[in-house]
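This report describes one protein structure in plain terms. Look at the sequence and the model first, then read on.

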Amino acid sequence: MTTSSLSTGQKIARLALVGAIPLALVLLLLWAGGWLTPQRLSANNLVAVLQQSGGEHPGYRRNHAKGVCVIGNFISNGNASAISRAALFAPGTTPVIGRFAIAGGNPNAPDYAVPVRSMALAFRLADGEQWRTGMNALPFFPVATVDGFYDQQVASMPDPATGKPNPEKMKAFVTKHPEAKAFMAWVKQYVPSSSWANDRFNSLNAFRFIDKAGNAHLVRWSMVPQTGYQPISAQDKNDKNFLQDDLKQRLAQGPLKWDLVITVAQPGDVSNDASKAWPVDRQTINAGTLVLDRTVPQQQGPCNDINYDPLILPNGIAASDDPLLNARSAAYAKSYNLRTHEQAKQSGGSL
Amino acid sequence: MKQVAHFHPALRFLHWLMAAAILAMLFIGVAMVSTVSSLHSLLVSIHKPLGLMILVLVLVRLWLRFYTVTPSLPRSIPGWQRGVAHLSHWALYAMMLLQPLIGWGMLSAAGYPVTLGDGIILPPILPVNNDWYATLRPLHSLVALLLFATVMLHLAAALLHALVLRDGVFHSMAGTRRR
């Protein structure tokens, strides 16, 4: 059989098909990767807007850039094993590598200038599983959706003329995302604490605990400090690094402790809106104690190269339908890829 | 040496199964790193076990490829085209084998648990090391794009043989007709 049995018209039509099929697949791949729709919200857009508001700081995280590593253990009392089959909730000890940080993309920001603080933890389970969680010292998240978070970053960017966010833009943002009003009201009356040690850190997003029978329980969790609250002092505002200095000083005197408190939802509690706190009367389970023993600067510390992706979960903990979780996971990965590449370049280790 | 018109049925089966798996994998890969929707975690959870499946299948396929008789290209094909055909096939095999290993290695170097779902975890194949991750992560993207480009050329050549040249080359893999 040869080409001669085809007419010229047939040949042209078939040749066109030979080109058109791969071309269609190429276009489909470009679309799937977001290259044809640069306006669509993607991990790239999210990281780009954070970079714009925090400035470019190669080698650092795109958000929560300033922080320190902490090392310790989680001592489980077994109470949470009734609702989660995760091995770390059986009675026993799990090593933890954590990180305290302040929000924002600037690793040189003065500690007192940023009211939002975070605690990120990576639990290393004996079987090779991990639980990574990034928590914030906020009662609820400012916005419910990824679009809301993006719009908030754009609206709160300082106006070059005044050096402050444009009030018109902020107003437009709140009109578009009215759930942010509750957060803005909370910020107004909020007095930050004097230390990471006496802050309470909350998961904000909802998750599902899976018990031994396979039943799911909707939960949120908090690290509740055993150290009493003290408001930020006037003196703290003279030290750009007062949070890190305070932590070092406290840990020199002994370990710091938090209780891991699991809040269990009741039917009707929202699973997909981190801007809504659940009623305070919900059942809580004290799952055990986080004991932090020492702190290491992040540049030399083991937490620096950990991506605290909230979707790295052990068997027994699963994501909820909260849309922010996927966005955090995708954007953290992007930020991680950028900074690990920059760090390798800085150290001469990249090919 | 024995002359055959078709690839061994097991090789043909693996070829078409892997064609579907690899195309799906490439689309999943580019979509999962871009999207911030709920597809992100779903795609990530498919990407890892599917990658391991491709690694296992390519090992079986390479073994079969070496131990079965394969059809030779028709004499109508000029020498340089035979060269290109063989080169592209070995490039495809090399990338199919390397890409899952690069993915596994980069996750190991980042200290991520390589989870396949339901608490099944693969052991790390590299120690935790930022420089390794910083090298392997962009390499994983680069090999993905090279693999996609080579698969598209392979597809265009296959279509040319099937629709225009009709010289039996396509049918040696499709198994649809005797020469």
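In chain A, the centres of domain 1 and domain 2, taken over C-alpha atoms, are separated by 47 Å. Domain 1 of chain A covers 6–37 and domain 2 covers 41–346; such bounds come from an automatic or database domain assignment. The model is predicted: local features need pLDDT of at least 70, side-chain atom pairs count only at pLDDT 80 or more, and totals for chains, interfaces and linings use all residues. Residues are numbered from 1 along each chain as its sequence is written, chains are lettered from A and ligands numbered from 1 in the order in which they are written, and side-chain values use heavy atoms, with hydrogens and water left out.

Chain B has five helices and two strands, in the order α-α-α-β-β-α-α from the N terminus. Helices (H or I, at least four residues) and strands (E, at least two) are DSSP runs, numbered from the N terminus. Some overall values for chain B follow.

| Property of chain B | Value |
|---|---|
| Box filled by C-alpha atoms, along the principal axes | roughly 50 × 30 × 30 Å |
| Residues that count as buried | 46% of 179 residues |
| Exposed area | about 9,200 Å² |
| Share of the exposed area from carbon and sulfur atoms | 73% |

Here buried means under 20% relative accessible area (1.4 Å probe, protein chains only), and accessible areas come from the Shrake-Rupley method with a 1.4 Å probe; for residues, only the protein chains shown count as cover.

Helix α3 of chain B (residues 79–110) has 32 residues and should span 46 Å at 1.5 Å a residue, which agrees with the 46 Å between its end C-alpha atoms. The expected span is 1.5 Å times one less than the number of residues. Gly111(B), just after α3(B), has a positive phi of about 80°.

A nonpolar core is a set of buried Ala, Val, Leu, Ile, Met, Phe, Trp, Tyr and Cys residues joined through side-chain atoms within 4.5 Å. The largest one has 48 residues, and Met18(B), Ile22(B), Leu26(B), Met96(B) and Leu147(B) touch the most other members. Its largest share, twelve residues, comes from α1(B). A second, separate core of 46 residues includes Val70(A) and Leu311(A).

His64(A) carries the annotation "active site" in an unreviewed UniProt entry; such annotations may be inferred rather than shown by experiment. His64(A) lies in the loop between α2 (43–54) and β1 (66–76) of chain A. His64(A) counts as buried because its relative accessibility is 16%.

Terms used: Buried means under 20% relative accessible area, exposed over 50%, partly exposed in between (1.4 Å probe, protein chains only).
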